[in-house]
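Grab a coffee and work through a few short exercises on the protein shown here. Try each task on the structure before you read the solution.

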Amino acid sequence: MNRLAIATLIMVLGMLSAKASDRPLLQQLDSLLTQREAIIQQKKEKIERLKRAYTAEDDNVKKLQLCYDLYEEYYVFKFDSAMVCAKKGLQLAQRINSRYYEMLYTLKQSELLAISGLYSEAVSVLNKLDTAATDPRLRFSLYTTYSTLYSYWSDYCGDPVYAPVYRQQANDYLSRAMNYVDKNSPTYYYYKGEQATFILNDGQLARRYYEQALQQLPRNARHYAMACFALAGNHRNQGDEQGYEDYLARAAMSDVESCTMENLALQTLAACLFEKDRQGLERAERYINISMEDAVFYNNRLRILEISHMLPTIVNTYQDTVKEQNRLMRRALLFISLLVVGMLAAAIFIFRQNKLLTRRRHDLSAANRQLSEANRQLSDLNSQLSTANTQLSVTNNRRERLALVYIELCAKYIDKLGKYQTLVKRKIKANQVQELLSTISSTRISEEDAQTFLSRFDKAFLELYPTFIEEFNALLAADYHIRQRLSGAMTTELRTYALIRLGVKNTNDIAGLLFLSPQTIYNCRSQVKSHALCKDNFDLQVSRLCDVN
């Protein structure tokens, strides 16, 4: 019964929450949309800095440039403010008789009028310009403005008679503009893509140009979003709906990053998701609402009107879907409630059975505890025995190696004694008594033997008591610790107390073993003892070092 309830619950919840598997681009777009407020705030701060600079500037030419910078920030961010900047710039340009800026701001006014749907007014403004006297730097902007205006007009018109006329005019002006395009400009490939799309009707060539434009432009650039939007249409024309959706998402992300409120990509993406399937309805509803907020903020009446036609359909469908989900939820809750009642009855029965088993478990638990305690004690005993055996084995191995060193030294000296006997016999027989006395009187052999003995002694002792030096230094003041000159070799002080640790405590005996005078050993012991932390029983403490229990 429990399994049935769980399976049913999973099935119901799966039906309610079923959605199309999110693609990475849509997830990135959702993440970016959560950062809109911070991006907008950064945009406003930049605008405020430009406003302060504009107010503080006295030079009219610089003021015109700052006004243009403000226009560029407002252009796709806030319509009314952009128009104010364009008008102010035009007035200032006329006042100081700057033909370049007068034409520039006239073009910008026309762009804004075209965006707001006032196409005839935009054409009227452009027609006031003396095309023949146009500044060469502005010829490209002039013709692209005409082309964009008639392109908007054609799309808005939708009339089978006039729309093609406006489109042809847009293409004509685009052709003229391409004569003045700057090939070093990052937007060059975008306009080449526009030319391939609308004039050459070559979709494959246009796609290559648009993709090159994306490589040249930063992601937060206006033309990057425009290239992505154009690529979306290109993919749809080739029957690639997935590519269409992906590039719409890219264009929408670029609009968010560039703080573009006059956007079309997010609105179009919402329509795409709505048309595709109802599983993306929630996202489509969220996107269309954000598009409406952006349009209201920008104050683009035409865009608000376009979205207003689409918004009710998406919202109403979304509400119907939510209502249907709520009905399914109520049915699921009723079914789950019945399952819960059944599960409660089963739980009561199981509880009673558990009470019967509890007493037996207590008895078994007590017996298990006693057995566990006995096992623990046995385990501890085995552990102690194992540790003792290990320590004993290690100690025996060390003592065996020490005995081996002793045997090797004995064998060496027996061999050397035999060689001395042979040498003495040979010298006496040859009547070389004086040479024999000279050989016997030599100290070199004795010193070599002493050094060999001490080296073997150091190695054997440190192997038997590897922690002796560390423990011995612990008995001395910190400033008087004895350090090894060479690894594996001990100093005279360390050898002296190593012999004391082995039980050789008589100064004369120690002096004999180390090939030193008793006075040297006495002085050594006195000097080391003077630095001991506890001088009274220092030798006793040394004899207890490296104790093996």
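## Exercise 1: A pair of tyrosines

Task: work out how exposed Tyr100 is, then describe its ring pair with Tyr101.

Solution. Start with Tyr100: its relative accessible area is 23%, so it counts as partly exposed. Keep in mind that this is a predicted model. Next, Tyr101 comes out at 10% relative accessibility; that is under the 20% cut-off, so Tyr101 is buried. Now the rings. A pair of aromatic rings is described by the distance of the centres and the angle of the planes. For Tyr100 and Tyr101 the values are 5.2 Å centre to centre and 85° between the planes, and the pair is edge-to-face. Finally, look at what else sits on Tyr100: the charged end of Arg137 lies over its ring, 4.0 Å from the centre.

## Exercise 2: A pair across the sequence

Task: classify the ring pair of Phe453 and Phe515, and say which parts it ties together.

Solution. First the geometry: the planes of Phe453 and Phe515 stand at 85° with the ring centres 5.9 Å apart, so this pair is edge-to-face. Then place the partners. Phe453 belongs to helix H18 (residues 444-464), while Phe515 is in the loop between helix H21 (507-514) and helix H22 (518-530), so the pair ties together parts 62 residues apart in sequence. As for its surroundings, Phe515 is partly exposed, at 46% relative accessible area. To put this in context, the structure holds 30 aromatic pairs.

## Exercise 3: Two enclosed helices

Task: decide whether helices H10 and H13 are enclosed or open, and find what they pack against.

Solution. Take H10 (residues 188-198): eight of its 11 residues are buried, so the rest of the structure largely encloses it. Those buried residues include Tyr188, Tyr190 and Tyr191, but also Lys192 and Glu194. They pack against helix H8 (139-157), helix H9 (162-177), helix H11 (203-216) and helix H12 (222-237).

Now H13 (residues 241-257). From first C-alpha to last, H13 reaches 25 Å, close to the expected 24 Å for its 17 residues. Because 12 of those 17 are buried, H13 is also largely enclosed. Among the buried ones are Tyr244, Tyr247, Leu248 and Met253. The neighbours they pack against are helix H2 (24-33), helix H3 (36-56), H11, H12 and helix H14 (265-276). One extra detail on Tyr244: the charged end of Arg236 sits over its ring, 3.9 Å from the centre.

## Exercise 4: Cores and a ring cluster

Task: which residues touch the most other members of the largest nonpolar core, and where does Tyr150 fit in?

Solution. The largest nonpolar core has 99 residues, and Leu29, Tyr71, Leu112, Leu149, Tyr150, Leu269 and Tyr287 touch the most other members. Helix H6 (residues 99-115) gives the largest share of this core, nine residues. Apart from this core lies another, of 28 residues, including Tyr465, Phe468, Tyr497 and Ile510.

Then zoom in on Tyr150. Leaving aside residues up to four places away in sequence, Tyr150 touches Val123, Tyr166, Gln169, Ala170 and Tyr173. Tyr150 is also part of a cluster linked by ring pairs, with Tyr119, Tyr143, Tyr146, Trp153, Tyr156, Tyr166, Tyr173 and Tyr180.

Technical notes: Residues numbered from 1 in each chain as written. Predicted model: local features only at pLDDT ≥ 70, side-chain atom pairs only at ≥ 80, totals over all residues. Heavy atoms only, no water. Buried < 20%, exposed > 50% of the residue type's maximum accessible area, 1.4 Å probe, protein only. Helix = DSSP H or I, 4+ residues; strand = E, 2+ residues; numbered from the N terminus. Contact = heavy atoms within 4.5 Å. Core = buried A, V, L, I, M, F, W, Y, C linked by side-chain atoms within 4.5 Å. Phe/Tyr/Trp six-rings, centres within 6.5 Å; stacked < 30°, edge-to-face > 60°. Lys NZ or Arg CZ within 6 Å of the ring centre and 35° of its normal. Expected span 1.5 Å × (residues − 1).
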